[in-house]
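Colleague: I would like to learn how to read a protein model at the level of strands, helices and enclosed spaces. Could we go through one together, feature by feature?

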Amino acid sequence: MIPNPHDHTTIGDFFVCVGAQKAGTTWLAKVLAGHPDLFLTPVKEIHYFDHLRGLSQHLSGRKRRSRYRKHFQRLLTQWGRFPELRAQVSWYRRYMQSPIDDRWYRSLFENRLGRRFAGEATPEYAVIGEEGFRQLRRLAPSVRIIYIMRNPVARAWSQALHHCRAERIDAARLREPELLALVDEPRFQALGDYGRTIADLDACFAPEQVKLLFYEDIHADRLAALEEVTGFIGARFEARYFPGHGRLFNRSQDVPAPEAVLAGLRERFRPLLQTVGDRVGRVPEAWERELAE
């Protein structure tokens with residue numbers, strides 16, 4: 001049902017993409033944002049629940065002020081988007097408020113600019129555990145959860161390259177021991193632990209509230225995937241709502257992984273064939289080719 005604007009205790013008609021990182025969440029959020037029924041937060045990744053767990057600093061005052069300034073820079077320079085960006089000003093003002101608590105999070109989805117459903121996409125939610133997901137459920141009891149899984153070896157390498165780009169590191173210049181140390185970091189391992197995330201989701205949400213998707217399936221037929229996602233959310237589907245579905249976003253450096261790194265990743269992620277296959281009923285052929293003994 002359409003949320004009651006006077007009910008400030010829970011969030012209705014709500015969906016969250018909880019990851020996985022480097023599995024196409026940016027593409028999904030940007031494409032869904034053009035749908036006339038869907039409101040996606042202007043800042044794609046809100047990071048509320050990982051912030052509460054002390055897992056990230058994405059909601060620090062410095063980072064929020066930086067995003068606020070960038071919005072007004074776009075407002076003053078991207079004239080073709082002026083009506084869209086001007087409509088987001090009140091949202092950014094709520095985003096800048098304090099304290100950062102449940103009321104703050106709920107407020108980000110109150111004014112939906114005339115759209116029925118609201119959502120956000122934060123890949124780091126994959127590691128918030130049962131406690132984090134239970135808090136999400138308390139705030140939005142009927143939330144719809146989307147979790148995208150990608151060939152775990154390719155995803156982990158893409159994550160490593162993304163980290164290098166963010167830290168202004170030339171991945172091509174790193175030696176194999178440095179690359180192995182990077183992909184062995186506990187944070188990197190946790191973000192790719194699909195089995196743990198699925199178990200946490202299953203412990204906290206009803207089966208009909210969770211949609212598990214494969215990156216490989218999505219990009220084999222993007223419109224079919226978007227029809228599945230919008231149907232899961234409860235929104236209408238028409239191909240004309242997604243004119244930009246052929247674009248890709250947030251690409252990493254184009255650096256091939258050394259064989260030693262690939263071998264280590266294959267060994268680590270091989271058990272996921274069984275874990276994910278048992279839960280979903282199948283895994284993509286690309287996974288089987290990558291992770292076969």
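Modeller: What follows goes from the sheet to its strands, then to helices, cavities and one loop residue, and please keep in mind throughout that this is a predicted model.

Colleague: Let us begin with the sheet, then: what is the order of its strands, and is the pairing parallel or antiparallel?

Modeller: As a general idea, the strands of a sheet pair through backbone hydrogen bonds, in either a parallel or an antiparallel manner. In this structure there is an open sheet of five strands, whose order is E2-E3-E1-E4-E5 and whose pairing is parallel. Strand E2 (38-40) and strand E5 (210-214) stand at the edges with a single partner strand each, so one side of each has no neighbour in the sheet. From one strand to the next, the twist averages 20°.

Colleague: Which helix packs on this sheet, and which strands does the helix touch?

Modeller: Helix H15 (residues 272-280) packs there, touching strand E4 (144-149) and E5, and the direction of H15 makes about 130° with that of E5.

Colleague: How many bridges hold E2 to strand E3, and which residues stand opposite each other?

Modeller: E2 and strand E3 (residues 117-121) pair in the parallel sense over three bridges. Within that pairing, leucine 40 has glycine 119 of E3 as its bridge partner, while phenylalanine 39 stands opposite alanine 118 in E3.

Colleague: And how is E1 joined to E3 and to E4?

Modeller: E1 pairs with E3 in the parallel sense over four bridges, and three bridges join E1 to E4, again running parallel. To find these pairings in the viewer, you can look for cysteine 17, which stands opposite alanine 121 in E3, and for phenylalanine 15, which stands opposite arginine 144 in E4.

Colleague: Once the pairing is clear, how should I read the side chains of a strand?

Modeller: The general idea is that in a regular strand the side chains alternate between the two faces of the sheet. In strand E1 (residues 14-17), Phe14 and Val16 point one way and Phe15 and Cys17 the other way, and all are buried. In E3, Phe117, Gly119 and Ala121 point one way, whereas Ala118 and Glu120 point the other way, and these too are all buried. Because five of the five residues of E3 are buried, E3 is largely enclosed by the rest of the structure.

Colleague: For a helix, which residues of H11 are buried, and what covers them?

Modeller: In helix H11 (residues 194-204), the buried residues are Tyr194, Gly195, Thr197, Ile198, Asp200, Leu201 and Cys204. What covers them includes helix H7 (129-139), E4, helix H8 (152-166), E5, H15 and helix H16 (285-291).

Colleague: Is glutamine 135 buried or exposed, and which residues does it contact?

Modeller: Glutamine 135 is found in helix H7, and it counts as buried because its relative accessibility is 11%, the cut-off for that word being under 20%. Leaving aside neighbours within four places in sequence, glutamine 135 is in contact with Tyr48, Phe49, Leu52, Arg53 and Asp102.

Colleague: How many cavities of 30 Å³ or more are there, and what lines them?

Modeller: The count comes to two cavities of 30 Å³ or more. About 40 Å³ of space lies in the largest cavity, whose lining residues include Phe15, Cys17, Leu40 and Glu120. The elements that give two or more residues to this lining are E1, helix H1 (25-32) and E3, and H1 gives the most, with four residues. By class, the lining of the largest cavity has seven nonpolar, one polar and one charged residues.

The second largest cavity holds about 30 Å³ of space, and among its lining residues are Phe39, Trp91, Arg94 and Asn111. Helix H5 (residues 89-95) gives the most to this second lining, with three residues, and by class the lining has five nonpolar, three polar and one charged residues.

Colleague: To finish, where is glutamate 238 found?

Modeller: Glutamate 238 is found in the loop between helix H13 (222-233) and helix H14 (259-269), and is partly exposed, with a relative accessible area of 31%. The C-alpha atoms of glutamate 238 and glutamate 227 are separated by 7.9 Å, the two residues being 11 residues apart along the chain.

Conventions
Residues numbered from 1 in each chain as written. Predicted model: local features only at pLDDT ≥ 70, side-chain atom pairs only at ≥ 80, totals over all residues. Heavy atoms only, no water. Pairing = 2+ DSSP bridges. Axes fitted to C-alpha atoms, helices over the stretch in contact; angles between N-to-C directions. Contact = heavy atoms within 4.5 Å. Buried < 20%, exposed > 50% of the residue type's maximum accessible area, 1.4 Å probe, protein only. 1 Å grid on protein atoms, 1.4 Å probe; cavity = no way out; pocket = protein on both sides within 12 Å on 5 of 7 lines; lining within 4 Å. Points joined across faces, edges and corners; volume = space filled by probe spheres on them. Nonpolar A, V, L, I, M, F, W, Y, C, P; charged D, E, K, R; others polar.
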